[in-house]
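Here is a short tour of one fold and its ligand site. Have the sequence and the structure open as you read.

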Amino acid sequence: MSPTTEELERIRAEQTAVWDAVSDGWARWRADFERAASAVSDILIRKAGVRSGDSVLDFGTGLGEPALTAAEVVGATGRVVGVDLSPAMIDIAGSLAAGRDGVEFAVGGVEAAPGGHDVVLSRWVLSLTGDPTATLCDLRTALRPGGVLTAAVWGPAPSVPMIALGFGAVSEHFTLDPPPPGGPGPFALAEAARLREVTAAAGFRDIEVTQHDVGFTLDSPNAFARFTVDVLPPWLRRLADGDPEGVRKALERAAEAHLTPAGEVDLTSTCLCVRAVA
Ligand SMILES: C[S@@+](CC[C@H](N)C(=O)[O-])C[C@H]1O[C@@H](n2cnc3c(N)ncnc32)[C@H](O)[C@@H]1O
């Protein structure tokens, strides 16, 4: 059953609050994250066939990806608009874009950048909106006929240690119940068949889903512990702040199973990419 308008409003407000709260934390780890995540921006841009002069919408741009990378491809004759619910994320994206031509950022959802785009890109957002079919419908409407959508979502939690390992270890440390299934979250579209189904239900054609391993690494178990605490959603962060030593040890222990011979933490994670035509 689709969520009600009130539920969708609540989800939007919750997403805004969470991403506002973690924006500084993600900014601190942006270089480490993008070392591997940039490959996903490249895949989305290549699969969408972004060209010089294109008009591109980046839905849920966060700190500005894949918008900033796409801006290099569309050049001075093109235009990239990145939209995001979180004013704090958009603020940081805007400062990263300072001095670059052809890219702008706006606070909001799809409605903040209406109509006629050649391409819609979106990295790790579709599973967070609460109603992916409705979101994809809006994104199809934002494309010109024949325009292309490419979007990435995470695969199943056990294949995504970059996100699931730390949250899992902190939840286990505080013996928290897992979140109820079916709600928005990083793993809400983790099955290829489901991703294909919601994309088709939104009226897209020529749908293709591919799977990719993204080679995230962090320098050490301690870096992994610091990263995780920095990006914990506020309710988990409050718990973690009450027992910083216990949380650090739990996170470092969790990272030990992912150590490489060089002492780095290998957090290679699976993502699914969908390509579809409006
Ligand atoms: C996992 S982050 C991804 C950010 C960026 N695309 C990246 O790959 O680094 C998800 C982003 O989606 C945004 N978001 C969540 N729901 C949204 C919605 N309905 N409309 C616009 N942005 C949304 C959040 O504010 C957050 O910045």
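Strand S4, helix H5 (residues 132-142) and strand S5 form a right-handed β-α-β unit. Do keep in mind that this is a predicted model.

How do S4 and S5 run relative to one another, parallel or antiparallel? Strand S4 (residues 117-123) is joined to S5 by six bridges, and the two run parallel. On its other pairing, with strand S9 (residues 269-277), S5 is antiparallel, with seven bridges between them. The two pairings can be set side by side:

| Strand pair | Sense | Bridges | Citation |
|---|---|---|---|
| S4 and S5 | parallel | six | |
| S5 and S9 | antiparallel | seven | |

Val 148 is a handy residue to follow through these pairings. Its bridge partner Val 119 pairs with it in S5, while in S9 the bridge partner of Val 148 is Val 277. As for surroundings, S5 (residues 143-154) is mostly covered, with nine of its twelve residues buried.

Now let us turn to the ligand. Which residues are closest to it? The shell around the ligand holds 19 residues, and Trp 19, Gly 60, Gly 62, Gly 109 and Arg 123 are the closest. Helix H1 (5-28) and strand S2 (79-84) are the elements that give two or more residues to this shell. Of the elements, H1 gives the most, with three residues.

What is the make-up of the shell by class? Eight residues are nonpolar, seven are polar and four are charged.

How values were computed:
Residues numbered from 1 in each chain as written. Predicted model: local features only at pLDDT ≥ 70, side-chain atom pairs only at ≥ 80, totals over all residues. Near = placed C-beta within 6 Å. Helix = DSSP H or I, 4+ residues; strand = E, 2+ residues; numbered from the N terminus. Nonpolar A, V, L, I, M, F, W, Y, C, P; charged D, E, K, R; others polar. Buried ≥ 20, exposed ≤ 12 C-beta atoms within 10 Å, placed from the backbone. Pairing = 2+ DSSP bridges. Right-handed = clockwise from strand over helix to strand, strands pointing away.
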